[in-house]
Amino acid sequence: MSDFEYIVNSIEKNHIVNLLDSDRRLDGRRKNDIRDIKIETNIIDKANGSAIVQIGQTKVIAGVKAQFGTPWSDQPKKGSLFIGFETTPLSAPEYRAGPPQPDAIELARVTDRLIRESGVVDLEKLCIIEGEKVWQLNIDIYALDDFGNLFDAAALGAFAALATTKLPDIQIVDGEVEKLETSSPLGLTNFPISITTYKINEELLVDAELREEQISDARITFGLTEDHIVSGQKGGSGAFKSEEIIDILRNSIKLASEVRAKVSEQIPDLTFAGE
Amino acid sequence: MTEEFIRPDGRGRKVLRNLTVEVGVLDRADGSSRVHLGKNIAMATVFGPREMHPKHAAQSDRAVMRVNYRMATFSVDDYKRPFPSRREKEISKVLSEAYDSVVLTGNWPRSVIDVHVELFQSDGGTRTAAAIAITAALADAGLPMRDLTGGIASGLYEDHVCLDLTGHEDMKGEGDMPILYSPALDEVSLFQLDGKFTFDQFKEAFYTSIDGVKEIVEIIKGALKDKYLSVREEYGVDDSDDDEEEVQAHLETTEEPEVIDEGREIDIEEIDLSTSSFVVGTVKPVTEEAKTQEPPAPAAAAVEEVTEPEAEEIVESIHVDDFEKEESSEPEEVASEADDEVLVDFKEDDEISSTWFAKPGAELKPMPANETVDDEDETENVMRDIEYTMEDEE
């Protein structure tokens with residue numbers, strides 16, 4: 001950061017903090033408002049499932065590719081899941097081409113924990129031949145426009161793509177697995193939502209937009225299903241008081257159910273296994 | 001949820017594993033430490049503050065904390081491939097950020113504080129063992145900090161909230177939540193969670209960890225005091241003015257860290273939502289006027305901004321080859337990501353035979369001088385290799 005940027009950031013930070021003091025933000029929201037969420041599904045024919053998710057101006061694209069793989073030796077009955085995230089050079093001037101940077105790795109791993117631990121996908125249903133052949137789901141998320149809060153966008157992207165994922169039907173002939181022309185939906189078992197709260201000086205706000213994110217001191221992301229906390233990650237060079245974390249969690253649980261309702265409306269044919 | 005729940009290694013629910021901390025264990029570094037947490041063996045060194053290289057990664061208002069967390073290839077059940085995994089890169093990043101909030105980095109603008117922490121043996125909770133080592137090494141290096149930070153994880157094992165999970169418990173358990181906490185500031189500087197916690201389990205685990213950290217910080221303080229006492233002994237400082245009794249009393253209390261009381265009740269205060277910072281008394285929606293008063297966002301600044309990714313890039317040392325290899329051998333990667341590496345054998349582990357890694361207080365066989373030197377050389381090589389890798393990337 002050059003001296004110039006440091007000064008500009010300090011001025012901007014003061015301004016944002018002054019606004020927050022009276023529960024206002026640069027884009028007219030209140031501290032506890034989440035930007036509008038738009039989801040568009042099934043946009044890539046070649047992928048088994050895909051979605052574009054927009055939170056405000058932040059935009060990500062996610063796709064699911066399913067392929068045959070061998071199960072882990074300690075989990076012969078379970079399919080596998082891999083989540084990747086790329087902050088592509090498409091999305092902001094500061095991102096460069098090349099292997100994922102630590103930020104992207106962190107994003108991928110936090111999203112991975114959310115999807116994996118919430119059990120969105122029943123991995124046992126991905127088993128084809130026990131100990132030999134399973135479905136391996138590769139979920140890759142690419143940032144298109146980084147206007148802040150990629151964490152929540154990535155989580156929604158992964159979920160929306162999974163919700164529209166269809167796997168080819170298969171038949172087993174003499175131990176050989178053949179793919180059929182037809183396909184059936186994956187069938188999800190849970191609905192996780194990620195809520196990220198940012199801290200700027202002593203102020204807390206959710207779903208930061210770009211400038212707020214850049215000058216924020218710390219952030220904390222919670223992954224929440226309807227009845228459990230399944231993932232969490234603190235980032236940034238600031239710190240949270242212990243009571244703040246409990247407060248934020250309470251608030252995140254409340255927000256998550258609101259977001260869940262909004263998202264459900266936008267994903268067509270959202271069905272859960274057992275419904 | 002019974003208080004009498006006994007865990008596979010015989011501990012109660014809220015009992016730490018054996019923790020020993022030593023400082024000043026390596027000579028070239030500005031500060032160093034060695035930590036045993038159960039079977040985990042972590043060593044940390046601190047170099048700096050020193051000139052930032054590359055220069056563009058420097059911050060004009062503070063020193064950059066650059067933590068490099070690594071695991072030795074022999075530290076886990078299987079051979080761990082030597083280049084940094086995604087897991088190691090993530091942990092390095094969150095640790096760097098955590099210590100950014102603790103060390104008074106504003107004292108040294110444009111410089112860097114390099115912290116290297118290496119796990120030579122792992123058994124669950126490696127990042128917290130690493131954090132304990134880092135705190136001790138930073139203090140040993142004499143860097144001013146806002147508080148001594150300790151780290152510990154609480155998690156769920158057979159649906160019981162347990163402090164300080166072993167690798168076995170972490171693998172079989174339902175959740176794990178490591179935190180770094182500064183008791184005097186009441187600040188959480190690192191927080192991660194995976195698993196399935198209910199809200200009540202979360203709160204219990206969170207406050208259990210906080211109590212655990214308070215215990216740990218006392219042990220770190222003990223280690224730091226011990227070093228100063230040993231220096232005084234070695235150089236025969238005239239301490240006739242000092243209070244002998246106090247020193248003796250201290251030595252007695254630090255030799256045996258107290259065991260956490262198993263039956264202790266956790267005092268979880270219900271937090272009144274009305275005090276939440278989210279709730280603001282009077283709410284004024286932004287009017288059009290207010291909007292127009294905002295200064296235009298300095299777009300140019302945003303474009304030029306050299307943000308963390310660039311600085312972090314150097315720390316994390318990513319090879320394009322590494323990346324490709326990682327991709328190609330994905331299955332292994334995911335397996336090791338699922339949790340901290342696990343040693344299923346959880347017999348009591350006081351069998352570390354090397355003098356070098358021996359815990360303090362254990363009976364040490366005197367070794368010929370040259371053998372000790374060999375050992376040290378080897379470990380220094382490990383450290384040097386890390387340095388090399390980092391330089392290569394630059």
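Buried means under 20% relative accessible area, exposed over 50%, and partly exposed in between, with a 1.4 Å probe and protein chains only. With that in hand, start the tour at A:I55, which is buried at 2% relative accessibility.

The model is predicted, so local features need pLDDT of at least 70 and side-chain atom pairs pLDDT 80 or more, while totals for chains, interfaces and linings use all residues. Residues are numbered from 1 along each chain as its sequence is written, chains are lettered from A and ligands numbered from 1 in the order in which they are written, and side-chain values use heavy atoms, leaving out hydrogens and water.

**Stop 1: A:I55 and A:D207**

Select A:I55 in strand β2 of chain A, residues 49–55. Helices (H or I, at least four residues) and strands (E, at least two) are DSSP runs numbered from the N terminus. Now show the contacts of A:I55, a contact being heavy atoms within 4.5 Å. Leaving aside residues up to four places away in sequence, A:I55 touches A:R35, A:D36, A:I37, A:D152, A:A153, A:L156 and A:D207. For a distance across the sequence, pick the C-alpha atoms of A:I55 and A:E209: they are 9.4 Å apart, with the two positions 154 residues apart along the chain.

From that contact list, go to A:D207, in the loop between β10 (203–206) and α4 (210–215) of chain A. What is the sign of phi at A:D207? Phi of A:D207 is positive, about 50°, although the residue is not a glycine. A:D207 counts as buried because its relative accessibility is 2%.

**Stop 2: A:T164**

Next, select A:T164, in the loop between α3 (150–163) and β7 (166–173) of chain A. Is A:T164 buried or exposed? A:T164 is buried, since its relative accessible area is 9%. Draw a line from the side chain of A:T164 to the backbone oxygen of A:A161; the distance is 3.1 Å. Such a polar contact is a pair of N or O atoms within 3.5 Å; within protein, one must be able to donate a hydrogen and the other to accept it, and residues adjacent in sequence count only if both atoms are side-chain atoms. Beyond four places in sequence, A:T164 touches A:T41, A:N42, A:N48, A:G49, A:S50 and A:I267.

**Stop 3: chain A as a whole**

Colour chain A by secondary structure to show five helices and 13 strands. Of its 275 residues, 59% count as buried. Among contacts in chain A with a separation of 6 or more, 70% are between residues 24 or more positions apart. Chain A exposes about 10800 Å², 47% of it supplied by carbon and sulfur atoms; accessible areas come from the Shrake-Rupley method with a 1.4 Å probe, and for residues only the protein chains shown count as cover.

**Stop 4: B:E90**

Cross to chain B and select B:E90 in helix α1, residues 86–100. B:E90 counts as buried because its relative accessibility is 0%. Which residues does B:E90 touch, not counting those up to four places away in sequence? The list holds A:E106, A:R109, A:V110, A:R113 and A:Q233 from chain A, together with B:Q192.

**Stop 5: two cis peptide bonds and a positive phi**

Move to B:G48 and B:P49, which are joined by a cis peptide bond with omega about 5°. B:P49 lies in strand β3 of chain B, residues 40–51. Then select B:H53 and B:P54, where the peptide bond is also cis, with omega near 0°. B:P54 belongs to the loop between β3 and β4 (64–71) of chain B.

Continue to B:D186, in the loop between β8 (175–182) and β9 (187–197) of chain B. Phi of B:D186 is near 55°, a positive value in a residue other than glycine. B:D186 is partly exposed, with a relative accessible area of 23%.

**Stop 6: chain B as a whole**

Finally, show all of chain B, with 11 helices and nine strands. Of its 394 residues, 55% count as buried. Contacts in chain B between residues at least 6 apart in sequence join residues at least 24 apart in 72% of cases. The accessible surface of chain B is about 18200 Å², and 49% belongs to carbon and sulfur atoms.
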